[in-house]
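The report below describes a single protein chain through its sheets, rings, cores and selected residues. It is best read with the sequence and the coordinates at hand.

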Amino acid sequence: MEHLNELYKNAKNLEARAPEFFQHSAKCKTLAKAFLDKHQLPNKNQENWLYTNLHKTLAFRVFEHKSDIVPDTKKIPILPNSIHLIFVNGIYQRALSSFGSNNQHEQNYEKVKIEEADLSITEFTDSLDALNTFLCLRNYKITISNKNEPSLTIQITHLADENSLNRIVSPRLEIHLADQSNAEIYERYLGTEAKNFPDTLNSKNVVNVGKNSKLTYYKISSADKTATLINNNEFKADRDS
């Protein structure tokens, strides 16, 4: 509980300085904190965590969003003919992202929509999911719709900057593949430099695949070996998908 109390204290201090990050989905954040208070974080007394001591590996300083440092994206390997969505410390960067070549840009922009979305969670079953919800600065909904067309290649890159050192970062995405649509998603986690990756990245993705649709999903980590990466993924597939 000591670690959570320290995290709550840091989060409260951040809320006082940047309330805009805590005003959205306030009810879900309240539910998340209640779940954490009751169930705590996983510990070595639980069989699935017998050999992992989260209290020694998790960073408990809360990331403070700043925009004065722009990561160098030139060294990021980009897949050919792909849509490239870039997130820095969990915040979508429209100016750094790309929707393909000039002749594809407008069409791809219509096929892949990204927007901020409030959370609508009514209950939790996992402490790390609750921790992500409590600390996430933004929840993004990505809607992909290319009905009966060739598969889209979408690259999602998570970057960190110097401001995230020794902190916990909590990106959260909802990905919706529309009916009769096809996509390949490559999600990569890396820092601007390996040493700049945050101590802890605790991410949550909710993926919904529509009817008669096909999704191929890859996750790639290029993070520093000292970083702690936690992925909590939830997939829902409709009929014939």
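## Aromatic pairs

Tyrosine 92 has a relative accessibility of 14% and therefore counts as buried, the limit for that class being under 20%. The model in which this value was computed is a predicted one. Phenylalanine 87 is likewise buried, with a relative accessible area of 1%, and its ring forms an aromatic pair with that of tyrosine 92, the centres being 5.5 Å apart and the planes meeting at 50 degrees, an arrangement classed as tilted. Ring pairs extend this arrangement into a cluster that links Phe87, Tyr92 and Tyr140. In all, the structure holds seven aromatic pairs.

Another of these pairs is formed by tyrosine 186 and tyrosine 218, whose ring centres lie 4.6 Å apart with planes at 15 degrees, so that the pair is stacked. This pair links distant parts of the chain, since tyrosine 186 belongs to strand E8 (residues 182-189) and tyrosine 218 to strand E10 (residues 214-221), with the two positions 32 residues apart in the numbering. Tyrosine 218 has a relative accessibility of 37% and counts as partly exposed.

## Strands and sheets

The strands that carry this stacked pair, E8 and E10, are joined by eight bridges and run parallel; within this pairing, glutamate 187 has lysine 219 of E10 as its bridge partner. Both strands belong to an open sheet of five strands, arranged in the order E2-E1-E5-E8-E10 with mixed pairing. Strand E2 (91-92) and E10 stand at the edges of this sheet and have a single partner strand each, so one side of each is left without a neighbour in the sheet.

A further set of pairings centres on strand E7 (residues 172-177). Six bridges join E7 to strand E4 (residues 139-144), and the two run parallel; here tyrosine 140 is matched with leucine 173 of E7 as its bridge partner. E7 is also joined by six bridges to strand E9 (residues 200-209), again in parallel, and in that pairing histidine 176 has asparagine 208 of E9 as its bridge partner. Five of the six residues of E7 are buried, so this strand is largely enclosed by the rest of the structure.

## Helix H6 and the nonpolar cores

Helix H6 (residues 127-135) is mostly covered, as nine of its nine residues are buried. At the start of this helix, a side-chain oxygen of aspartate 126 comes to within 3.0 Å of the backbone nitrogen of leucine 128.

The largest nonpolar core has 24 residues, of which Leu36, Leu41, Leu131, Phe134 and Leu135 touch the most other members. Helix H1 (2-17), helix H3 (26-39) and H6 are the elements that give two or more residues to this core. Apart from this core lies another, of 22 residues, among them Ile83, Phe99, Ile144 and Val207. When residues up to four places away in sequence are not counted, leucine 131 touches Leu7, Leu36, Leu41, Ile168 and Asn202.

## Individual residues

Three residues at other sites can be compared by their placement and accessibility.

| Residue | Place | Relative accessibility | Class |
|---|---|---|---|
| Asparagine 108 | helix H5 (residues 102-111) | 8% | buried |
| Threonine 57 | helix H4 (residues 54-57) | 35% | partly exposed |
| Proline 150 | loop between E4 and strand E5 (152-159) | 71% | exposed |

A polar atom of the side chain of asparagine 108 lies 3.0 Å from the backbone oxygen of phenylalanine 99. Leaving aside neighbours within four places in sequence, asparagine 108 is in contact with Ile83, Phe99, Gly100 and Leu152.

For threonine 57, the C-alpha atom is separated by 8.3 Å from that of alanine 227, although the two residues are 170 residues apart along the chain. Not counting residues up to four places away in sequence, threonine 57 touches Asp199, Thr200 and Thr228. Proline 150 and serine 181, which are 31 residues apart along the chain, have their C-alpha atoms separated by 8.5 Å.

Note on methods
Residues are numbered from 1 along each chain as its sequence is written. This is a predicted model: local features need pLDDT of at least 70, side-chain atom pairs count only at pLDDT 80 or more; totals for chains, interfaces and linings use all residues. Side-chain values use heavy atoms; hydrogens and water are left out. Buried means under 20% relative accessible area, exposed over 50%, partly exposed in between (1.4 Å probe, protein chains only). Helices (H or I, at least four residues) and strands (E, at least two) are DSSP runs, numbered from the N terminus. Two strands pair if DSSP finds at least two bridges between them. Rings of Phe, Tyr and Trp (its six-membered ring) pair if their centres lie within 6.5 Å; planes under 30 degrees apart count as stacked, over 60 as edge-to-face and the rest as tilted. A polar contact is a pair of N or O atoms within 3.5 Å; within protein, one must be able to donate a hydrogen and the other to accept it, and residues adjacent in sequence count only if both atoms are side-chain atoms. A nonpolar core is a set of buried Ala, Val, Leu, Ile, Met, Phe, Trp, Tyr and Cys residues joined through side-chain atoms within 4.5 Å. Contact means heavy atoms within 4.5 Å.
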